[in-house]
Amino acid sequence: MSTAVPIVLAGARGHGRWHLENIRRLQDKGIVRLAGICELTPLSEGELPDGLVLPSGAPEQSADFGALLDTTGARIAVICTPIPTHTDLALTAARRGVHLLLEKPPAPSYAEFRRMADGVAEAGVACQIGFQSLGSHAVPAIRTLMAEGAVGEIVGIGGAGAWARPEAYYRRAPWAGKRRLNGVDVIDGVLTNPLAHAVATALALGGTTRAEDVTGIETELLRANDIESDDTSCVRVTTTGRQIVVGATLCAEDPDEPYVIVHGEQGRITFWYKQDRVLLQRANHGPEEFEYGRTDLLENLVEHLTDGADLLVTPDATGAFMKVVEAIRLAPDPAPLPEGAWQLLPDEQRRVVPGIDGLVAAAADTLALYSELGAPWVPPARNNEVST
């Protein structure tokens, strides 16, 4: 076990539980060792997955991230904490020469993102951003299909995410559903957090992942829930060469798997990114379906450190996504949907926007914004355009 890379996990509850399980999986393979957990309240024995406690004892726990990195000798820190804390924690690790897996979104503003990315680069540590979908082997496969002209000239890329979240989802943490908290940016909206993968994956398939690839952004941000942030939104990103439109909601009637569509003049490629599943439809051919494997991003980071493997999701590769976050941050506060445009499902205690599932799909299908599709509840002149 001496060759296993020591890891500290910051934020082990909520989504952090997924990281605990993943670290356990890699620990079982002898690749990593969970050396420490940083939480404000230590995890109880019952909160630690079976098999994570080694014969040498339980991982060290502390609320002091820097001190924990020092005492454990961690080589990697996995940061899965509230969005506004990402930059400072990342820099705390970087200054100690500790490499990073930083959960998405990497930061709540472009300025904070640059502060993080520049600090990490200056420290010379590796940093992987946690867009798990970009570890899918489908991404390079689709880009090869596009380059080979499988669906002809590329017209644009659409993304669709129709998910559901109960009202309690916004009560799970003080920052949930907030644009700002105590004067600090949070920007916890549907496009920037739960369905951020739809945006990042669409940008990746287009090969337009760097900040300088983005030339314009239009947003339509709305909310059915009683929150600050948006839960039903769409965005059009104009990049060097093509347009990308993503429609997303957490108020779906029938929640379904999110997907990204590459539109070509002679066909389309649909990618269900959580399932690593691809459907190729093109002129004069029957439909073809493919399923792909996936490289785990923490495993990739370890291989980068031990064998020199290329990092899959560097900070630079999320610059275009962060431009979208910034446009959403600078946009007018999301407009509340008028009464009658949503309803409460009492059994599930969640709000639903009738017709939104079709609208989200149509946005991805036609590369049009909700207002252009005739959604009656998009207020006039909310179509906030940011040129970059």
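Helices α6 and α8 lie oblique to each other, because their angle falls outside the ranges for roughly parallel (under 35 degrees), roughly antiparallel (over 145) and roughly perpendicular (65 to 115). The angle between α6 (residues 196–205) and α8 (residues 319–330) is about 135°, and their axes are 9 Å apart. Here axes are lines fitted to C-alpha atoms, for helices over the stretch in contact, and angles run from 0 to 180 degrees between N-to-C directions. Ala196, Val199, Ala200 and Leu203 on the α6 side meet Ala320, Phe321 and Val324 on the α8 side, where contact means heavy atoms within 4.5 Å. Sort the residues of this contact and you get seven nonpolar, no polar and no charged; Ala, Val, Leu, Ile, Met, Phe, Trp, Tyr, Cys and Pro count as nonpolar, Asp, Glu, Lys and Arg as charged, and the others, Gly among them, as polar.

Keep in mind that this is a predicted model, with local features needing pLDDT of at least 70 and side-chain atom pairs pLDDT 80 or more, while totals for chains, interfaces and linings use all residues. Residues are numbered from 1 along each chain as its sequence is written, and side-chain values use heavy atoms, leaving out hydrogens and water. Helices (H or I, at least four residues) and strands (E, at least two) are DSSP runs, numbered from the N terminus.

Now for the strands. An open sheet of six runs in the order β3-β2-β1-β4-β5-β6, with parallel pairing; two strands pair if DSSP finds at least two bridges between them. At the edges stand β3 (60–62) and β6 (127–129), each with a single partner strand, so one side of each has no neighbour in the sheet. On average, neighbouring strands here are turned by 20° against each other, direction ignored. Helix α3 (residues 86–95) packs on this sheet, touching β4 (76–79) and β5 (99–102), and its direction makes about 175° with that of β4. Back at β3, three bridges join it to β2 (residues 32–38), and Gly36 stands opposite Glu60.

Antiparallel pairing turns up around strand β14 (residues 267–272). β14 pairs with β13 (residues 259–264) over five bridges, with Thr270 as the bridge partner of Ile261, and the two form a hairpin with two residues between them. With β15 (residues 277–282), β14 pairs over six bridges, Ile269 being matched with Leu280. That hairpin has four residues between the strands, and Asp276 takes a positive phi near 55°. Five of the six residues of β14 are buried (under 20% relative accessible area, 1.4 Å probe, protein chains only), so the strand is largely enclosed by the rest of the structure.

Methods. Buried means under 20% relative accessible area, exposed over 50%, partly exposed in between (1.4 Å probe, protein chains only).
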